Amino acid sequence: KYTLQLAVTSQPRSNAERAPMNVALVLDTSGSMVGEPIALLRETCLAIAGSLKEGDRVSIVTWNTGSNVLLSDHAVSGPNDPTLVDVIEGVDASG
């Protein structure tokens, strides 16, 4: 039995140098995410929000027993875009 791990990287680029990104966050909000898991999910999403720049586009979909589009192709105004942060902070576990 063999284990193989591959990693691919590119040259480091600052936010100013990189092309705009389209980011889709697909978030598990099922009942198993209650408590610390959903708090970590929100914390991770807020870290992503803080690393975005003007012109990036974000969509957020949650799922538990079904899916729900919370944000669709939102143009970010810069790091910690208020609309994006509000949506992330409102994500909660249910279902």
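Strands β2 (57-63) and β3 (67-75) pair in the antiparallel sense over 6 bridges; two strands count as paired if DSSP finds at least two bridges between them. Helices (H or I, at least four residues) and strands (E, at least two) are DSSP runs, numbered from the N terminus. The structure is a predicted model, in which local features need pLDDT of at least 70 and side-chain atom pairs count only at pLDDT 80 or more, while totals for chains, interfaces and linings use all residues. Residues are numbered from 1 along each chain as its sequence is written, and side-chain values use heavy atoms, with hydrogens and water left out.

A hairpin of 3 residues joins β2 to β3, and Thr-62 stands opposite Asn-68 in β3. On β1 (22-28), the pairing with β2 is parallel and extends over 7 bridges, with Asp-28 opposite Trp-63 in β2. The result is an open sheet of 3 strands in the order β1-β2-β3, with mixed pairing. Because β1 and β3 stand at the edges and each has a single partner strand, one side of each is left without a neighbour in the sheet. From one strand to the next the twist averages 10 degrees; axes are lines fitted to C-alpha atoms, for helices over the stretch in contact, and angles run from 0 to 180 degrees between N-to-C directions.

Helix α2 (82-89) lies across β2 and β3 and runs at about 165 degrees to β3. Helices α1 (36-50) and α2 pack at an angle of about 175 degrees, their axes 9 Å apart. The two helices are therefore roughly antiparallel to each other, a label given to angles over 145 degrees, whereas those under 35 count as roughly parallel, 65 to 115 as roughly perpendicular and the rest as oblique. At this interface, Arg-42, Cys-45, Leu-46 and Ala-49 in α1 meet Leu-84, Val-85, Ile-88 and Glu-89 in α2, contact meaning heavy atoms within 4.5 Å.

The largest nonpolar core (a set of buried Ala, Val, Leu, Ile, Met, Phe, Trp, Tyr and Cys residues joined through side-chain atoms within 4.5 Å) has 18 residues, of which Leu-25, Leu-27, Leu-41, Val-58, Ile-60 and Leu-84 touch the most other members. At least two residues of this core come from each of β1, α1, β2 and α2, and α1 supplies the largest share, 4 residues. Not counting residues up to four places away in sequence, Ile-60 touches Leu-25, Leu-27, Asn-68, Val-69, Leu-70, Leu-71, Leu-84, Val-87 and Ile-88.

Asp-56, in the loop between α1 and β2, is buried, with a relative accessible area of 0%; buried means under 20%, exposed over 50% and partly exposed in between (1.4 Å probe, protein chains only). Its side chain reaches the backbone nitrogen of Lys-53 at 2.8 Å. Leaving aside neighbours within four places in sequence, Asp-56 is in contact with Arg-18, Ala-19, Pro-20, Met-21, His-74, Ala-75 and Val-76.

Most residues other than glycine have a negative phi. Asp-73, which lies in β3, has a positive phi of about 55 degrees although it is not a glycine, and at 40% relative accessibility Asp-73 counts as partly exposed. Asn-80, in the loop between β3 and α2, likewise has a positive phi, near 55 degrees; at 45% relative accessibility, Asn-80 counts as partly exposed.

Conventions
A polar contact is a pair of N or O atoms within 3.5 Å; within protein, one must be able to donate a hydrogen and the other to accept it, and residues adjacent in sequence count only if both atoms are side-chain atoms.
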